[in-house]
Amino acid sequence: MQSIFVDTGAWYAAMVRKDRDHEAAKLFLKNNTSSLITSDYVMDETVTLLLSRVGHSYAVKFLDMLQTSRKTQLIYLTPTQISATVTLFRERADKEWSFTDCSSFVLMPEYQIQVAFAFDEHFKQAGFQVKP
């Protein structure tokens with residue numbers, strides 16, 4: 001079964017009812033049968049975004065969900081992957097990719113993941129398929 005990489009924007013949309021993509025995110029997660037993979041960098045970015053926009057309780061709720069999920073695997077970047085992320089970030093000044101985006105683009109091929117659960121154009125720009 002093909003795994004799906006989950007980006008910050010998708011986690012945020014799933015957690016925050018007022019987000020424009022909330023319903024699409026909830027529906028995707030409800031119907032998804034694939035395993036989900038995310039990274040420590042995405043986790044950090046999501047916690048920070050939730051904290052700054054909707055508060056500490058949302059950030060903690062997200063962390064609790066991630067820690068108890070049987071369907072989501074959390075990957076920690078290695079020093080080699082971080083180095084590759086730095087290189088990619090430096091090389092792609094023509095894109096508005098965040099450092100976290102670049103780390104995702106390094107991880108996905110290594111884990112043979114071609115599909116991202118995301119709501120921005122960055123994953124498409126990097127050559128990946130996007131759901132929903």
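Let me begin with a definition: helices (H or I, at least four residues) and strands (E, at least two) are DSSP runs, numbered from the N terminus. What you see above is a predicted model, in which local features need pLDDT of at least 70 and side-chain atom pairs count only at pLDDT 80 or more, while totals for chains, interfaces and linings use all residues. Residues are numbered from 1 along each chain as its sequence is written, and side-chain values use heavy atoms, with hydrogens and water left out.

I will start with helix 2, which covers residues 22-31 and contains His-22. His-22 counts as buried because its relative accessibility is 7%, where buried means under 20% relative accessible area, exposed over 50%, and partly exposed in between, with a 1.4 Å probe and protein chains only. A polar atom of the His-22 side chain lies 2.7 Å from the backbone oxygen of Ala-13. That is a polar contact, meaning a pair of N or O atoms within 3.5 Å; within protein, one must be able to donate a hydrogen and the other to accept it, and residues adjacent in sequence count only if both atoms are side-chain atoms. Leaving aside neighbours within four places in sequence, His-22 is in contact (heavy atoms within 4.5 Å) with Ala-13, Ala-14, Val-16 and Arg-17.

Now to helix 3. Its 14 residues, 40-53, should span 20 Å at 1.5 Å a residue, and its end C-alpha atoms are indeed 20 Å apart, which agrees; the expected span here is 1.5 Å times one less than the number of residues. Which residues of helix 3 are buried? They are Asp-40, Val-42, Thr-46, Val-47 and Leu-50. Seen down the axis, these buried residues fall within an arc of 155 degrees, so they line one face of the helix, the arc being that of the directions from the helix axis to the C-beta atoms. On the other side of helix 3, Ser-52 and Arg-53 are exposed. The buried residues pack against several elements, among them strand 1 (4-6), helix 4 (56-68) and helix 6 (99-110). At the N-terminal end, Ser-39 acts as a cap, with a side-chain oxygen 3.3 Å from the backbone nitrogen of Tyr-41, and just after the helix Gly-55 takes a positive phi of about 115 degrees.

Turning to the core, nonpolar side chains in soluble globular proteins tend to be buried together. A nonpolar core is a set of buried Ala, Val, Leu, Ile, Met, Phe, Trp, Tyr and Cys residues joined through side-chain atoms within 4.5 Å. The largest one has 37 residues, and those touching the most other members include Phe-5, Trp-11, Leu-50 and Phe-62. Helix 1 gives the largest share of this core, 6 residues. Not counting residues up to four places away in sequence, Phe-62 touches Trp-11, Met-15, Met-43, Thr-46, Val-47 and Leu-50.

Finally, the salt bridges, each a side-chain nitrogen of Lys or Arg within 4 Å of a carboxyl oxygen of Asp or Glu. How many salt bridges are counted by this rule? The count comes to 2. One joins Asp-21 and Arg-20 at 3.6 Å, N to O; Asp-21 counts as buried at 18% relative accessibility, whereas Arg-20 counts as exposed at 76%. In the other, Arg-92 meets Asp-94 at 2.8 Å, N to O, with Arg-92 partly exposed at 28% and Asp-94 exposed at 53%.
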